[in-house]
Amino acid sequence: MMNVNICVGSSCHIKGSHDIIQLAKEAITKYNLEDKINLSAAFCLGKCTDGVSIKVNDEIICGVSKENFPDFFQSNILSKLQ
Ligand code: FES
């Protein structure tokens with residue numbers, strides 16, 4: 001099971017973490033990953049100046065936006081599940 005924690009701390013919230021959660025849910029459904037990914041919200045991951053921050057297992061990826069979400073998902077989630 002891969003753990004994906006999307007930061008909903010105040011700084012990331014302002015930068016659109018709610019939209020990112022929505023995109024993540026849609027992508028998980030699209031690729032049938034419900035039983036492979038444990039998606040949850042996280043409080044501040046300590047990288048506020050560079051949000052939206054997302055923790056994938058033990059790695060924190062910063063600067064995720066609606067625009068680059070597909071790239072993030074491809075390189076940090078899909079490619080690591082294969
Ligand atoms: S609020 Fe997201 S890293 Fe601090």
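Let me start with one residue, glycine 51. Leaving aside neighbours within four places in sequence, glycine 51 is in contact with Cys12, Lys15, Gly63 and Val64. Keep in mind that this is a predicted model.

Where does glycine 51 sit? It is found in the loop between β2 and β3. Buried or exposed? Glycine 51 is buried, because its relative accessible area is 17%, and the cut-off for buried is under 20%. Now look at lysine 15 again. Glycine 51 and lysine 15 are 36 residues apart along the chain. Their C-alpha atoms are separated by 6.7 Å.

Now the backbone. The peptide bond from glycine 51 to valine 52 is cis. Omega there is near 0°. Valine 52 is also a loop residue, between β2 and β3. For context, most peptide bonds are trans.

Stay with backbone angles. Most residues other than glycine have a negative phi. Two asparagines here have a positive one. Asparagine 32 has a phi of about 55°. Asparagine 57 has a phi of about 50°. Neither is a glycine.

Where are they? Asparagine 32 lies in the loop between α2 and β2. Asparagine 57 lies in the loop between β3 and β4, and β4 covers 59-61. Asparagine 32 is exposed, with a relative accessible area of 56%. Asparagine 57 is partly exposed, at 36%.

Next, a third asparagine. Asparagine 76 is found in helix α3. Its relative accessibility is 13%, so it counts as buried. What does asparagine 76 touch, leaving aside neighbours within four places in sequence? Met2, Val56 and Ile61.

Met2 takes us to the strands. Strand β1 covers residues 2-7. Five of its six residues are buried, so β1 is largely enclosed by the rest of the structure.

How does β1 pair? With β2, residues 37-42, in the parallel sense. That pairing runs over six bridges. One example: methionine 2 has isoleucine 37 as its bridge partner in β2. β1 also pairs with β3, residues 54-56. Those two strands run antiparallel, joined by three bridges. Here the example is valine 4, whose bridge partner in β3 is valine 56. Valine 56 is also one of the contacts of asparagine 76.

Take one residue from β2. Leucine 39 is found in that strand. Leucine 39 counts as partly exposed, because its relative accessibility is 25% and partly exposed starts above the buried range, which is under 20%. Leave aside neighbours within four places in sequence. Leucine 39 then contacts Val4, Ile6, Ile21, Ala24, Lys25 and Ile28. Cysteine 62 is another matter. Leucine 39 and cysteine 62 are 23 residues apart along the chain. Their C-alpha atoms are separated by 17 Å.

On to the nonpolar core. The largest one has 24 residues. Which residues have the most contacts inside it? Ile6, Ile54, Phe69, Phe72 and Phe73. The elements giving two or more residues to this core are β1, α2, β2, β3 and α3.

Isoleucine 54 deserves a slide. Again, residues up to four places away in sequence are not counted. Its contacts include Val4, Asn5 and Ile6. They also include Ile20 and Leu45. Further along come Glu59, Ile60, Ile61 and Val64. Phe72 completes the set. Phe72 is itself among the core residues with the most contacts. Val64 is among the contacts of glycine 51 too.

Last topic: empty space. Rolling a probe the size of a water molecule over the atoms shows where such space is left. The largest pocket has a volume of about 170 Å³.

What lines the largest pocket? One group is Leu23, Glu26, Ala27, Lys30 and Tyr31. The others are Phe69, Pro70, Phe73, Gln74 and Leu78. Two helices, α2 (17-30) and α3 (69-81), each supply at least two lining residues. Which gives the largest share? That is α3, with five residues. By class, the lining has seven nonpolar, one polar and two charged residues.

Phe69 and Phe73 tie the two topics together. Both line the largest pocket. Both are also among the residues with the most contacts in the largest nonpolar core.

How values were computed: Residues are numbered from 1 along each chain as its sequence is written. This is a predicted model: local features need pLDDT of at least 70, side-chain atom pairs count only at pLDDT 80 or more; totals for chains, interfaces and linings use all residues. Side-chain values use heavy atoms; hydrogens and water are left out. Buried means under 20% relative accessible area, exposed over 50%, partly exposed in between (1.4 Å probe, protein chains only). Helices (H or I, at least four residues) and strands (E, at least two) are DSSP runs, numbered from the N terminus. Two strands pair if DSSP finds at least two bridges between them. On a 1 Å grid over the protein atoms alone, a cavity is a set of points where a 1.4 Å probe fits but cannot get out, and a pocket is an open set with protein on both sides within 12 Å along at least five of seven lines; lining residues have an atom within 4 Å of a point. Grid points are joined across faces, edges and corners, and a volume is the space filled by probe spheres set on the points. Ala, Val, Leu, Ile, Met, Phe, Trp, Tyr, Cys and Pro count as nonpolar, Asp, Glu, Lys and Arg as charged, and the others, Gly among them, as polar. A nonpolar core is a set of buried Ala, Val, Leu, Ile, Met, Phe, Trp, Tyr and Cys residues joined through side-chain atoms within 4.5 Å. Contact means heavy atoms within 4.5 Å.
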